[in-house]
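Hi there,

Here is the structure I promised to send over. Have a look at it first, and then read on for my notes.

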Amino acid sequence: MRPPEPYWNTNVARHNGILRAVPEGCGEALDVGCGDGLLARKLARRARHVTGIDSSPGMIARAREQSGGDPALTFLEGDFLTAELPHHAYDFICSVTAVHHMDFAAALTRMREVLRPGGTLVVVGLAREAGPGEWAALIAAAPIVRVTKILRRARTPEGMPVAAPRMSYRQVRTAARDLLPGVRYRRHVLRRYALTWHKPAGPGTALAR
(Lines give C-alpha, C1' and ligand atoms only; values in the text may rest on other atoms or scores of the structure.)
Protein backbone atom coordinates (compact mmCIF):
# COMPACT_ATOMS: atom_id res chain seq x y z
CA MET A 1 0.00 0.00 0.00
CA ARG A 2 1.32 3.43 -0.97
CA PRO A 3 1.83 5.90 1.89
CA PRO A 4 -0.63 8.84 1.94
CA GLU A 5 0.41 12.10 0.29
CA PRO A 6 1.74 14.65 2.83
CA TYR A 7 -0.05 17.32 0.78
CA TRP A 8 -1.81 17.71 -2.57
CA ASN A 9 -1.77 20.37 -5.26
CA THR A 10 -1.99 20.55 -9.06
CA ASN A 11 1.68 19.55 -9.34
CA VAL A 12 1.26 16.48 -7.14
CA ALA A 13 -1.74 15.57 -9.30
CA ARG A 14 0.68 14.79 -12.13
CA HIS A 15 3.00 12.53 -10.12
CA ASN A 16 1.25 9.25 -10.92
CA GLY A 17 1.46 9.91 -14.65
CA ILE A 18 5.17 10.68 -14.33
CA LEU A 19 5.82 7.53 -12.33
CA ARG A 20 4.05 5.41 -14.95
CA ALA A 21 6.54 6.70 -17.53
CA VAL A 22 9.61 5.45 -15.63
CA PRO A 23 11.17 2.70 -17.76
CA GLU A 24 11.58 -0.82 -16.44
CA GLY A 25 15.04 -1.41 -15.01
CA CYS A 26 15.67 2.30 -14.52
CA GLY A 27 19.10 2.87 -13.03
CA GLU A 28 19.65 6.63 -12.75
CA ALA A 29 16.82 9.18 -12.58
CA LEU A 30 17.00 12.97 -12.38
CA ASP A 31 14.35 15.32 -10.99
CA VAL A 32 14.94 18.88 -12.22
CA GLY A 33 13.51 21.48 -9.86
CA CYS A 34 12.88 18.85 -7.19
CA GLY A 35 11.61 21.24 -4.51
CA ASP A 36 11.17 19.44 -1.20
CA GLY A 37 11.92 16.08 -2.82
CA LEU A 38 8.41 14.58 -2.70
CA LEU A 39 8.52 13.27 -6.27
CA ALA A 40 12.15 12.19 -5.96
CA ARG A 41 11.25 10.04 -2.95
CA LYS A 42 8.53 8.38 -5.00
CA LEU A 43 10.93 7.84 -7.91
CA ALA A 44 13.34 6.06 -5.57
CA ARG A 45 10.83 3.21 -5.39
CA ARG A 46 11.18 2.73 -9.16
CA ALA A 47 14.81 3.63 -9.90
CA ARG A 48 18.08 2.42 -8.42
CA HIS A 49 19.24 5.98 -7.71
CA VAL A 50 17.57 9.39 -7.97
CA THR A 51 19.26 12.78 -8.10
CA GLY A 52 17.20 15.87 -7.34
CA ILE A 53 18.46 19.34 -8.21
CA ASP A 54 17.00 22.70 -7.21
CA SER A 55 18.31 26.26 -6.99
CA SER A 56 16.53 26.96 -3.69
CA PRO A 57 18.73 26.32 -0.63
CA GLY A 58 15.64 26.04 1.58
CA MET A 59 13.97 23.45 -0.62
CA ILE A 60 17.13 21.35 -0.87
CA ALA A 61 17.63 21.48 2.88
CA ARG A 62 14.08 20.25 3.36
CA ALA A 63 14.51 17.52 0.73
CA ARG A 64 17.67 16.23 2.43
CA GLU A 65 16.00 16.26 5.83
CA GLN A 66 12.94 14.39 4.62
CA SER A 67 14.97 11.78 2.71
CA GLY A 68 16.05 10.26 6.02
CA GLY A 69 19.54 9.52 4.73
CA ASP A 70 18.26 7.17 2.02
CA PRO A 71 21.36 6.21 -0.05
CA ALA A 72 19.16 5.97 -3.15
CA LEU A 73 18.62 9.74 -3.03
CA THR A 74 21.05 12.59 -3.71
CA PHE A 75 20.00 16.25 -3.61
CA LEU A 76 22.06 18.98 -5.26
CA GLU A 77 21.70 22.71 -4.72
CA GLY A 78 22.43 24.60 -7.90
CA ASP A 79 21.39 25.97 -11.27
CA PHE A 80 20.43 23.08 -13.54
CA LEU A 81 21.68 24.94 -16.61
CA THR A 82 25.24 25.29 -15.27
CA ALA A 83 25.60 22.49 -12.69
CA GLU A 84 28.16 19.79 -13.36
CA LEU A 85 26.06 16.83 -14.47
CA PRO A 86 27.29 13.89 -16.55
CA HIS A 87 26.14 13.75 -20.16
CA HIS A 88 24.07 10.77 -21.36
CA ALA A 89 23.87 9.49 -17.78
CA TYR A 90 20.18 9.36 -16.83
CA ASP A 91 17.66 6.73 -17.87
CA PHE A 92 14.78 8.95 -16.79
CA ILE A 93 14.48 12.70 -16.33
CA CYS A 94 11.45 14.58 -15.06
CA SER A 95 10.64 18.15 -14.18
CA VAL A 96 7.46 19.57 -12.66
CA THR A 97 6.65 23.27 -13.11
CA ALA A 98 10.30 24.24 -13.10
CA VAL A 99 11.14 25.02 -16.74
CA HIS A 100 9.27 28.34 -16.70
CA HIS A 101 11.81 29.48 -14.07
CA MET A 102 14.55 28.94 -16.68
CA ASP A 103 15.22 29.65 -20.32
CA PHE A 104 12.93 27.09 -21.95
CA ALA A 105 15.14 26.18 -24.90
CA ALA A 106 18.27 25.98 -22.77
CA ALA A 107 16.52 23.79 -20.20
CA LEU A 108 15.17 21.29 -22.73
CA THR A 109 18.51 21.22 -24.55
CA ARG A 110 20.33 20.43 -21.30
CA MET A 111 17.82 17.70 -20.43
CA ARG A 112 18.32 16.21 -23.90
CA GLU A 113 22.08 16.23 -23.40
CA VAL A 114 22.14 14.50 -20.01
CA LEU A 115 19.49 11.92 -20.93
CA ARG A 116 20.88 8.55 -21.91
CA PRO A 117 20.09 7.32 -25.47
CA GLY A 118 16.94 5.23 -25.13
CA GLY A 119 15.90 7.15 -22.00
CA THR A 120 12.64 8.93 -21.25
CA LEU A 121 11.99 12.59 -20.47
CA VAL A 122 8.77 13.92 -18.91
CA VAL A 123 8.26 17.65 -18.38
CA VAL A 124 5.16 19.01 -16.69
CA GLY A 125 4.93 22.74 -17.07
CA LEU A 126 2.91 25.87 -16.63
CA ALA A 127 2.21 28.30 -19.46
CA ARG A 128 0.11 31.39 -20.00
CA GLU A 129 -3.07 31.71 -22.02
CA ALA A 130 -2.83 33.57 -25.31
CA GLY A 131 -5.52 33.70 -27.96
CA PRO A 132 -9.25 32.89 -27.90
CA GLY A 133 -8.82 29.12 -27.90
CA GLU A 134 -6.53 29.03 -24.87
CA TRP A 135 -8.66 31.49 -22.92
CA ALA A 136 -11.79 29.48 -23.74
CA ALA A 137 -10.10 26.33 -22.41
CA LEU A 138 -9.15 28.16 -19.20
CA ILE A 139 -12.67 29.48 -18.63
CA ALA A 140 -14.24 26.08 -19.30
CA ALA A 141 -11.91 24.33 -16.87
CA ALA A 142 -12.05 26.96 -14.11
CA PRO A 143 -15.00 25.45 -12.17
CA ILE A 144 -13.41 21.98 -12.25
CA VAL A 145 -10.08 23.35 -11.03
CA ARG A 146 -11.72 25.37 -8.25
CA VAL A 147 -13.85 22.48 -6.96
CA THR A 148 -10.97 20.00 -7.17
CA LYS A 149 -8.67 22.27 -5.16
CA ILE A 150 -11.32 22.74 -2.47
CA LEU A 151 -12.14 19.04 -2.20
CA ARG A 152 -8.48 18.01 -2.12
CA ARG A 153 -7.52 20.86 0.23
CA ALA A 154 -4.79 21.95 -2.13
CA ARG A 155 -1.74 23.60 -0.62
CA THR A 156 1.83 24.40 -1.57
CA PRO A 157 4.78 23.83 0.79
CA GLU A 158 5.92 27.02 2.49
CA GLY A 159 8.84 28.71 0.76
CA MET A 160 8.29 27.11 -2.65
CA PRO A 161 9.61 29.56 -5.28
CA VAL A 162 7.01 30.86 -7.73
CA ALA A 163 7.26 32.62 -11.09
CA ALA A 164 4.81 33.70 -13.76
CA PRO A 165 5.15 31.79 -17.07
CA ARG A 166 6.37 33.84 -20.01
CA MET A 167 5.48 31.42 -22.82
CA SER A 168 2.02 30.56 -24.08
CA TYR A 169 0.87 26.97 -24.50
CA ARG A 170 1.20 27.29 -28.27
CA GLN A 171 4.74 28.63 -27.95
CA VAL A 172 5.66 25.75 -25.65
CA ARG A 173 4.25 23.18 -28.06
CA THR A 174 6.03 24.68 -31.06
CA ALA A 175 9.40 25.06 -29.31
CA ALA A 176 9.24 21.57 -27.80
CA ARG A 177 8.59 19.98 -31.18
CA ASP A 178 11.62 21.76 -32.61
CA LEU A 179 13.90 20.77 -29.72
CA LEU A 180 12.61 17.23 -29.15
CA PRO A 181 11.57 15.65 -32.46
CA GLY A 182 8.71 13.23 -31.90
CA VAL A 183 7.76 14.70 -28.50
CA ARG A 184 4.20 14.07 -27.29
CA TYR A 185 2.45 17.19 -26.05
CA ARG A 186 -0.68 17.09 -23.89
CA ARG A 187 -2.56 19.86 -22.12
CA HIS A 188 -4.20 18.93 -18.82
CA VAL A 189 -7.35 20.33 -17.24
CA LEU A 190 -5.62 21.50 -14.06
CA ARG A 191 -3.65 24.22 -15.88
CA ARG A 192 -0.63 22.13 -16.79
CA TYR A 193 0.89 20.72 -19.96
CA ALA A 194 3.01 17.58 -20.27
CA LEU A 195 5.84 16.75 -22.66
CA THR A 196 6.90 13.13 -23.03
CA TRP A 197 9.93 12.27 -25.14
CA HIS A 198 11.87 9.09 -25.74
CA LYS A 199 15.43 9.77 -26.82
CA PRO A 200 16.44 7.64 -29.82
CA ALA A 201 18.55 4.70 -28.75
CA GLY A 202 21.91 3.95 -30.27
CA PRO A 203 23.07 0.47 -31.26
CA GLY A 204 23.39 -1.75 -28.22
CA THR A 205 21.92 0.83 -25.87
CA ALA A 206 20.70 -0.56 -22.54
CA LEU A 207 19.48 1.00 -19.32
CA ALA A 208 22.06 1.41 -16.57
CA ARG A 209 21.65 -1.09 -13.76
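Of the contacts in the protein with a separation of 6 or more, 71% are between residues 24 or more positions apart. Please keep in mind that this is a predicted model. Tyr-90 gives a good example of such a contact pattern: this residue sits in strand β4, and its C-alpha is 7.6 Å from that of Gly-27, although the two are 63 residues apart in sequence. Setting aside neighbours within four places in sequence, Tyr-90 touches Glu-28, Ala-29, Leu-30, Thr-51, Leu-85, Val-114, Leu-115 and Arg-116. With a relative accessible area of 5%, Tyr-90 is buried.

Now for the overall layout. The protein has 6 helices and 7 strands, and along the sequence they follow the pattern α-β-α-β-α-β-β-α-β-α-α-β-β. Buried residues account for 49% of the 209 residues. The exposed surface comes to about 10,700 Å², with 54% of it supplied by carbon and sulfur atoms.

The sheet is a good place to start when you rotate the model. It is an open sheet of 7 strands with mixed pairing, in the order β3-β2-β1-β4-β5-β7-β6. At its edges stand β3 (73-77) and β6 (184-188); each has a single partner strand, so one side of each lacks a neighbour in the sheet. On average, and ignoring direction, neighbouring strands are turned by 15° against each other.

At the β3 end, β2 (residues 49-54) pairs with β3 in the parallel sense over 5 bridges. One of the bridge pairs joins Asp-54 to Glu-77 in β3. Helix α3 (residues 57-67) packs on the sheet here, touching both β2 and β3, and its direction makes about 165° with that of β3. Another helix, α4, lies across β1, β4, β5 and β7 and runs at about 150° to β5.

Next, the interior. In soluble globular proteins, nonpolar side chains tend to be buried together. In this model the largest nonpolar core has 31 residues, and those with the most contacts inside it are Leu-30, Ile-93, Val-99, Phe-104, Met-111, Tyr-193 and Leu-195. At least two residues of this core come from each of β1 (28-32), β4 (90-96), α4 (104-114), β5 (115-125), α6 (169-179) and β7 (192-198). The biggest contribution is from α4, with 5 residues.

Phe-104 is worth clicking on. Not counting residues up to four places away in sequence, Phe-104 touches Val-99, Met-167, Val-172, Ala-175, Ala-176, Leu-179, Tyr-193 and Leu-195. There is also a second, separate core of 23 residues, and among its members are Cys-34, Ala-72, Phe-75 and Ala-194.

Since you may wonder about the cysteines: how many disulfides does the whole structure have? The search finds 0. For Cys-34, the closest cysteine sulfur is that of Cys-94, and at 9.5 Å it is too far for a bond, given that a disulfide needs the two sulfur atoms within 2.5 Å. Likewise, Cys-94 is in no disulfide, with the sulfur of Cys-34 as its nearest. Are these two cysteines buried or exposed? Cys-34 counts as buried because its relative accessibility is 7%, and Cys-94 is buried too, at 0%.

Happy to talk it through whenever suits you.

Best wishes

Conventions. Residues are numbered from 1 along each chain as its sequence is written. This is a predicted model: local features need pLDDT of at least 70, side-chain atom pairs count only at pLDDT 80 or more; totals for chains, interfaces and linings use all residues. Side-chain values use heavy atoms; hydrogens and water are left out. Helices (H or I, at least four residues) and strands (E, at least two) are DSSP runs, numbered from the N terminus. Buried means under 20% relative accessible area, exposed over 50%, partly exposed in between (1.4 Å probe, protein chains only). Contact means heavy atoms within 4.5 Å. Accessible areas come from the Shrake-Rupley method with a 1.4 Å probe; for residues, only the protein chains shown count as cover. A nonpolar core is a set of buried Ala, Val, Leu, Ile, Met, Phe, Trp, Tyr and Cys residues joined through side-chain atoms within 4.5 Å. Two strands pair if DSSP finds at least two bridges between them. Axes are lines fitted to C-alpha atoms, for helices over the stretch in contact, and angles run from 0 to 180 degrees between N-to-C directions.
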